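Open the structure in a viewer and follow the stops below in order. Each stop says what to select and what is found there.

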Amino acid sequence: MTDQVLDAKGLNCPLPILRARKALNGMASGATLQVLATDPGSVKDFEAFCRTTGNELLSSSNENGVFSFVIRRTG
Amino acid sequence: MAEAGAGNAKRMSMIVTKGTLDWAYPPFILATTAAAMGLEVTMFFTFYGLSLLKKKLDLGISTLGNPAMEMPMMGMHMKMPNLVSALPGVDTMATTMMKNLIKKKGVASIEELRQAAIDSDVRMIACQMTMDLFEYKPEDMIEGPVLGGAATYIETATKSEINLFI
């Protein structure tokens, strides 16, 4: 279980990233956020986002076209 | 508004020169995303790009002189010959089609992206010369952007890792 879940399904670039940033801003360091998205571009984008911001991408998965990213706020 | 270059974050600047609905997307998408990734972002709005800072946005697209543009339609892609583009009403129709696509595909509106840019402290410079040239009134523009000129932009550009012209 993550501390927070963000439903970004149906949203297109750059909204999943923008919404994730907003959610992370309101979270304590060490807390985890799960982002659900349907934008196929979000797979590469969340990898790049986490590398650049120093947040940790704990997992990235795809279940029937719904992508799930678990991010730990460390940045 | 803070001067660019105050913190340790990487910086990005862009010159925004176009004011149509389609061309408004790249600068606002890149600015909001860069800000979300921790960069300090400056946008310099000049010429037609300055209209993106009006309080009331009424953006449209033009198919004229845009030979690469094709819109999905009934499973096909529709291109627009220049001769057809010049007909009255064609740009309005194309704009309506584009706005419908934007909604259907979950793409943010320009209004939403512009607000996101403001909320994430993207620094905006409105070109003073363009304000004079096109006779824009300060009261027609959103609050927040500072007025400045080429030198204001260049100073920012010299301190930025990424400088874009759009």
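Helix axes here are lines fitted to C-alpha atoms over the stretch in contact, and the angle between two of them runs from 0 to 180 degrees between N-to-C directions. The model is predicted.

**Stop 1: the helix pair across the chains**

Select H1(A) and H1(B). Their axes lie 9 Å apart and make an angle of about 30 degrees. The crossing of H1(A) and H1(B) is left-handed. To see the contact, show the side chains of Ile17(A), Leu18(A) and Arg21(A) on H1(A), and those of Thr32(B), Thr33(B) and Ala36(B) on H1(B). Sorted by class, the residues of this contact are three nonpolar, two polar and one charged.

**Stop 2: the rest of the interface**

Now widen the selection to both chains. Contacts between them involve 12 residues of chain A and 11 residues of chain B. Which helices of chain A each supply at least two residues of the side that touches chain B? They are H1 (15-25) and H2 (42-53). H1(A) has the largest share of that side, with four residues. By class, the side of chain A that touches chain B holds seven nonpolar, four polar and one charged residues.

**Stop 3: ahead of H1 in chain A**

Stay in chain A and select Cys13(A) and Pro14(A). The peptide bond that joins them is cis, with omega at about 5 degrees. Pro14(A) sits in the loop between strand E1 (4-8) and H1 of chain A.

**Stop 4: Ser68 of chain A**

Next, go to strand E4 (residues 66-72) of chain A and pick Ser68(A). Is Ser68(A) exposed or partly exposed? It counts as partly exposed, because it has 15 C-beta neighbours inside 10 Å. Beyond its neighbours within four places in sequence, Ser68(A) is in contact with Gln34(A), Leu36(A), Ser61(A) and Glu63(A). A distance drawn from the C-alpha atom of Ser68(A) to that of Val43(A) reads 8.9 Å, for two residues 25 apart in sequence.

**Stop 5: two helices within chain B**

Move to chain B and select helix H1 (residues 21-36) together with helix H4 (residues 110-119). H1(B) and H4(B) pack at an angle of about 30 degrees, and their axes are 9 Å apart. Angles under 35 degrees count as roughly parallel, and H1(B) and H4(B) are therefore roughly parallel to each other. Their crossing is left-handed. On the H1(B) side, the contact is made by Leu21(B), Ala24(B), Phe28(B), Ile29(B), Ala31(B), Thr32(B) and Ala35(B). On the H4(B) side, select Ile110(B), Leu113(B), Arg114(B), Ala116(B) and Ala117(B). The contact of H1(B) with H4(B) comprises 10 nonpolar residues, one polar and one charged. Thr32(B) appears in this contact and also in the contact of H1(B) with H1(A).

**Stop 6: the nonpolar core**

Which residues have the most contacts inside the largest nonpolar core? Select Ala31(B), Met43(B) and Phe45(B); the core as a whole has 50 residues. H1(B) gives the most to this core, with eight residues. Then centre the view on Phe45(B). Apart from neighbours within four places in sequence, the contacts of Phe45(B) are Val16(B), Leu50(B), Leu52(B), Leu53(B), Met124(B), Ile125(B), Ala126(B) and Cys127(B).

**Stop 7: the loop between E2 and E3 of chain B**

Follow chain B from strand E2 (40-45) into the loop that leads to strand E3 (70-73), where Phe47(B) is found. Phe47(B) is not a glycine, yet its phi is positive, near 45 degrees. Phe47(B) is partly exposed, because 16 other C-beta atoms lie within 10 Å.

Asp58(B) is in the loop between E2 and E3 too. With 8 other C-beta atoms within 10 Å, Asp58(B) is exposed. Its C-alpha atom is 9.9 Å from that of Gly19(B), and the two residues are 39 apart along the chain.

Gly65(B) also has its place in the loop between E2 and E3. Gly65(B) counts as exposed, because it has 8 C-beta neighbours inside 10 Å. Draw a distance to Gly75(B), 10 residues apart from Gly65(B) along the chain: the C-alpha atoms are separated by 24 Å.

**Stop 8: after H4 in chain B**

Finish at Asp121(B), in the loop between H4 and strand E5 (123-127) of chain B. What is the phi of Asp121(B)? Phi is positive, about 60 degrees, although Asp121(B) is not a glycine. Asp121(B) counts as exposed, because it has 12 C-beta neighbours inside 10 Å.

Definitions and conventions:
Residues are numbered from 1 along each chain as its sequence is written. Chains are lettered from A and ligands numbered from 1 in the order in which they are written. This is a predicted model: local features need pLDDT of at least 70, side-chain atom pairs count only at pLDDT 80 or more; totals for chains, interfaces and linings use all residues. A nonpolar core is a set of buried Ala, Val, Leu, Ile, Met, Phe, Trp, Tyr and Cys residues joined through C-beta atoms within 7 Å. A residue is buried if 20 or more other C-beta atoms lie within 10 Å of its own, exposed if 12 or fewer, and partly exposed in between; C-beta atoms are placed from the backbone. Two residues are in contact if their C-beta atoms, placed from the backbone, lie within 7 Å. Angles under 35 degrees count as roughly parallel, over 145 as roughly antiparallel, 65 to 115 as roughly perpendicular and the rest as oblique. A crossing is left-handed if the near helix is turned anticlockwise from the far one by less than a right angle, and right-handed if clockwise. Ala, Val, Leu, Ile, Met, Phe, Trp, Tyr, Cys and Pro count as nonpolar, Asp, Glu, Lys and Arg as charged, and the others, Gly among them, as polar.
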